[in-house]
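Please open the model in your viewer and keep the selection panel at hand; the tour moves from a metal site to the ligand beside which it is described.

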Amino acid sequence: MQITPSILNADFANLAGEIARIPSADWVHVDVMDNHFVPNLTFGPTMVEALSKATDVPLDAHLMIADADRHAPAYAEAGAGSVTFHVEAAAAPVRLAREIRKQGARASMALKPATPIEPYEDLLAELDMVLIMTVEPGFGGQKFLDLCLPKIRRARALMHKHGLETWLQVDGGVSLETIERCAEAGADVFVAGSAVYSADDPDAMVSALRASAASASTLP
Ligand code: DX5
Ligand code: ZN
């Protein structure tokens, strides 16, 4: 069970300091937004490069950007350990996943709440992780969408069917109140933004979330 706090709701004027508050995080989740794919604007590859130099915790870049085929590889080059593109924004997801892996990063593909997993069954072996969004992407602090839980279950079943140990990440509205449902459905990597950064002790919240996920997980 891995916890990857999102810095989207952290203090942007002090990101290195904010990351230093979560030393036990498995990854730092960096939400890249371009004002096209989602109605919000955040970081680019230069920021990812600067952050990767500022911490030993590996970066999990979540690209909510149009034309992922063209822009995603730069985030692997910038030092992200994992690069997630949205399938809705990729023209050639297989080529893109291979390119990200070639750059030395883990390749991951994200699905918005209304995007089904079934059309991508044959692509799963090309991916290190699948991200199932549990809110519409664009903003932190939104309410968890329970309607995404059956898709998490179906995605995990497809991975089992093909004998894959692909990581299954959930992102959006994950908190102590909702993480058990996600873990029970088969998720094993959990993004949490506001739950971590609104806590008095963010690092203690990371541990609490991990323990809660572990207790509910049905994975071997
Ligand atoms: C939403 C982002 C999420 C967001 C999560 O588009 O992808 O990573 O920061 O924030 P919370 O946990 O507050 O929903
Ligand atoms: Zn995200």
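Donors are here N, O and S atoms within 2.8 Å of the metal (3.2 Å for Na, K and Ca), and because water is not among the atoms, sites may look incomplete. The model is predicted, so that local features need pLDDT of at least 70 and side-chain atom pairs count only at pLDDT 80 or more, while totals for chains, interfaces and linings use all residues. Residues are numbered from 1 along each chain as its sequence is written, chains are lettered from A and ligands numbered from 1 in the order in which they are written, and side-chain values use heavy atoms, with hydrogens and water left out.

Select the zinc ion (ligand 2) to begin with, whose donor residues follow the spacing H-x1-D-x30-H-x108-D in sequence. Its protein donors are His29 (NE2), Asp31 (OD), His62 (ND1) and Asp171 (OD), at 2.1 to 2.3 Å. The site is octahedral, with angles of 72 to 172 degrees among 6 donor atoms; that term requires six donors with opposite ones over 155 degrees apart and all others between 65 and 115.

Next, pick out histidine 29 and aspartate 171, both of which are buried, meaning under 20% relative accessible area (1.4 Å probe, protein chains only).

Now select ligand 1 and display its polar contacts, that is, pairs of N or O atoms within 3.5 Å. A side-chain N or O atom of serine 6 lies 2.9 Å from an oxygen atom of ligand 1, a polar side-chain atom of histidine 62 is 3.2 Å from a ligand 1 oxygen, and a backbone N or O atom of glycine 173 is 2.8 Å from one.

How values were computed: Tetrahedral: all angles 85-135°; square planar, octahedral: opposite > 155°, others 65-115°. Buried < 20%, exposed > 50% of the residue type's maximum accessible area, 1.4 Å probe, protein only. Polar contact = N/O pair within 3.5 Å; in protein donor to acceptor, adjacent residues only side chain to side chain.
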